[in-house]
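Visitor: I'm new to this one. Could you show me how to read a few of its features?
Guide: Happy to. Let's have a look together.

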Amino acid sequence: MHDDSALVEARLNRFVRERLQPAIYRATTTLTVTAWVAPGEPVLFAEAVSHPFVPFSVGEAWGRPWGTVWFHLTGTVPAEWASTADSRIEVVIDLGFTTAVPGFQAEGTAYSADGRLIKGIESLNRTVRITGEAVDLYIEAAANPNIAADFSFTPTALGDLATAGSTPLYRLRQADVAARDMQVWHLAQDVFTLDGLRRELPAASPRRANILRALERCLDLLDPDDLGGTARAGRAALAAVLASPANASAHRVYAVGHAHIDSAWLWPVRETVRKVARTFSNVLDLIDRHPDFVFAASSAQQYAWLAQFYPELFERVRLAVAAGTFVPVGGMWVESDTNMPGGEALARQFVAGKRFFMEQFGVEPLEVWLPDSFGYSAALPQIVRAAGSRWFLTQKLSWNDTNVFPHHSFLWEGIDGSRIFTHFPPVADYNAQLSGLELARAERLFAEKGFSNTSLVPFGWGDGGGGPTEEMIAAAHRAASLEGSPTVKLSSPRRFFEAAEAEYAAPPVWSGELYLEFHRGTLTSQARTKQGNRRSEHLLREAELWATTASIRVGASRSKGQYPRAALENAWQTVLLHQFHDILPGSSIAWVHQQAEREYVRVAGVLEGVIEASVRALCGTGDNAVVLNAGPYAQAGVPALGGLAPRADSLAGATIARTPDGWVLTNRHVKVAIDPEGLFSSVYDRNAEREVVPPGARANLLTLHRDTPTQWDAWDIDTPHARLFEELTHAESVEQLDELPPGRVGVRIIRRFGASSVIEDVTLTGESSVIDLAFDIDWHEREKLLRLNFALDVRADRAASEIQFGHIFRPTHANTSWDAARFETVAHRWVHVGEPGFGVAVANDSTYGHAICRTAFSAVEEDAAAAIGTTVALSLLRAPRYPDPSADQGRHCLRVALRTGASIRDAVYEGYRLNLPLRTVTGVGARPVEALFTVDNPAVVVEAVKLSGDDSGDVIVRVYEAHGTRARARIIRSFDAVEVYETDLLERRVAPAALIAPDGAAVTVELRPFQLLTLRFTRSTDPK
């Protein structure tokens, strides 16, 4: 036979495009349209319909950027359009949709005349079913700009309401009532599935040829002038190839309906509220018609918005959850970033999320659902286990730019040894359509062949919402058992995980972080958002600690009504929301980050008020002052978790001297030489009797890097930045600081470069080898990266970086492609590099991005080995232009500390010291604040002290092992309690794993390295 397959394919493609798709609607008639333009922010239905609507024409422009227009559509269904099994009456709406995917352009919400939310209107889901003769609908149309712009990464002013302008973005193209020909529509779905499968089969495959010839016969039978009348015959020609069953060894796909709705990104939080309503109503509409369809949605925050703004829709969701067709997953407040949230904050993501789902729906999600976060902390397996969850899912590692992740189903092992069954869908997409291409990709890429044969495919329009469509469900039904294709089963996540775990008896183990080799710039972009998060986390720790202390010390036996539970929960929920993986990472539009900064200010005000009230309740009123220490270690004589009256510092102070070579700061531990350019020419550790700065190098060096990523501006730092930089060595002035506290000395360094300036204060006390650096930066560069570099004469093979509830070691070399790709890494409050017997710690109060590498410094030529040291670089600021052209512009204040001769223990201490400074409160009585707990081993760190979440008045203390060693400690309480026991993060009793024995007011615990432990102290046996 002659091969004419290319001609048949071309014929088919044109027929689908020009004949089949246009024939889906056999008749249409235009509706009458009136409109009301909302003058400001969105309003609810009742308010909108109370305003006068004016006539509006199809073709007319509408919608200033971020504006809302309410359209009222009325009309009558022609009598001759009787709805039958082969016909469905619908309203078809085109708000001016573009070729962009749903969620990144205009969107609408359809309401009945009595205000019932029916469903969302999206570019690929633009219909509303009609059951009667009259049409009377309202459409809330959102003029959301297409900031994605096909992901060209073009800077735009549209992301800031103040600069977006008022020119209408869209034109209403269609508002019709139409009769859908269901036979033609089903034919289109048959062709989509079969042609998609055919394209993925080998060219020499008999199955591929059979499908092509069946499609050719179908085309022969279809009359272009009467597709409705011949569609049945065309479908009959395809029936045999559609009915041919899947191979026995076919890959098994569990298809889970899904809509990854970003809680903010290229739209503000307020728009996400409406996106959730549109998507969830779409899903309920599909559930009504497809009882086998199951939809999974994460993020308790999004359900909470629904309950607040759309209570009737929320009740419908509640019924679907009870029926098992709408499945809450994830168990977190939002799909958060997992690199930068602190340990307690990441724990609270699960506490807040699970409690919401359990209280509102009576269900506890057991699968953690984070398809799109930008890498996953090695602390997460333990936190997941401590929250009572069993499984973990992500897709994002398919975005790696260097290495291919080797597993798709595996056990992920965290820093403490906890393991969790993890699935990484080989479909490599969380917005799948169940196309032949996607299903074939899932089977082809699946790395566990021969051991396992099951994977999950999340399908539905996401990011900007929309969710699954009827076409996707049709594709799932047709691929349920189809020769040449994986089998497809509509499923819940739980059913998948149970099947996959049972199938794979001995999955491989991946130990450590799931590092995303991409989006490394998200550790630095939008520094004010990151600083707001860091400060809020520590304020929450303080507020809970002092409120708990006040409740116990001066409250009644019952704490209910005294502990500021509502204020604390609201503050936590705000902070948790802004840890969403496009807010905290700094990858959203200006509007989002401006709002985040305002929210952090509000949260700080609330928490400062809680702290103030708690301290005054503890100490009474008077003319005295109290110095409070919310940290886990004593500082300046103030005990951990307690407070004392101020006292004079008797420690010897540091000295400062001017020399011909600059300034020298000295105490009994360290001697720092600062040259005329404000750089550290020498840092001499007097205890170890060794120089810390390598020969020929200088520390405290700012470098300005070219930062022009190939794509994803706010997200990425590309490798050329490492060689394209200038050293900011010129100092306008280097002068002694006056008016410092007693015992502290320092210099101020002023630099100017480009349009920016940096004021840096370098100070030293007599207490330790810590050199404190405070930066006041006025930043006005564009597409630049500012780094602070410490050249260290320490030959470290690895660096320790703090993460949640511990730290992780990473190589400083680039021996493998995996090492080389890890050129920008996250650390929380500190990093540490060391040799046996000597180390250096660098702590910070708001920085997350670090570049730590082995470096060859200038040295004596005949001893090249002596030239190898380590550079610790902190990425302070970026200035990407997309999606926020003004990102990071303006003033930034941040602090860094360098400690020589430091152990891991010292690094942990400095991290807490810098982030939880002593707090002085004046106008109080003379009573000291006795700590609720003391711990006799510095390796066991108190991370949180709070009252239990059930109003019982029980006290919760969360501790972890911080040094990476096995540790035994006595935790001694200073209040009455009748029982102590271990709990999970949700404060439910669990079998003891670390608790050895209570002994009066003390309890002894033994922790493995980095083990997390929650203890509950019962204060009363009375019922609540």
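**Reading the cores**

Guide: Keep in mind that this is a predicted model. Its largest nonpolar core has 186 residues, and those with the most contacts inside it are Phe280, Tyr303, Phe326, Phe933, Leu1015 and Phe1017. Helix H16 (residues 590-619) gives the most to this core, with 11 residues.

Visitor: Why would nonpolar side chains be found together?
Guide: In soluble globular proteins, they tend to be buried together. Here, take Phe1017: beyond its neighbours within four places in sequence, its contacts include Phe933, Val955, Val957, Phe975 and Val1003. There is also a second, separate core of 54 residues, with Val672, Phe775, Phe790 and Val872 among them.

Visitor: How do I read a helix? What span should the 28 residues of H14 have?
Guide: Count 1.5 Å a residue, and helix H14 (residues 527-554) should span 40 Å; its end C-alpha atoms are 40 Å apart, so the two agree. As for its surroundings, 23 of its 28 residues are buried, so H14 is largely enclosed by the rest of the structure.

Visitor: And a single residue? Is Glu987 buried or exposed?
Guide: Buried means under 20% relative accessible area. Glu987 has 7% relative accessibility, so it counts as buried. You'll find Glu987 in the loop between strand S50 (979-983) and strand S51 (995-999).

Visitor: Which side chain does Glu987 join in a polar contact?
Guide: That of Lys946, at 2.7 Å. Setting aside neighbours within four places in sequence, Glu987 is also in contact with residues including Arg355, Ser948, Ile956 and Arg1016.

Technical notes
Residues are numbered from 1 along each chain as its sequence is written. This is a predicted model: local features need pLDDT of at least 70, side-chain atom pairs count only at pLDDT 80 or more; totals for chains, interfaces and linings use all residues. Side-chain values use heavy atoms; hydrogens and water are left out. Helices (H or I, at least four residues) and strands (E, at least two) are DSSP runs, numbered from the N terminus. Buried means under 20% relative accessible area, exposed over 50%, partly exposed in between (1.4 Å probe, protein chains only). A polar contact is a pair of N or O atoms within 3.5 Å; within protein, one must be able to donate a hydrogen and the other to accept it, and residues adjacent in sequence count only if both atoms are side-chain atoms. Contact means heavy atoms within 4.5 Å. The expected span of a helix is 1.5 Å times one less than its number of residues. A nonpolar core is a set of buried Ala, Val, Leu, Ile, Met, Phe, Trp, Tyr and Cys residues joined through side-chain atoms within 4.5 Å.
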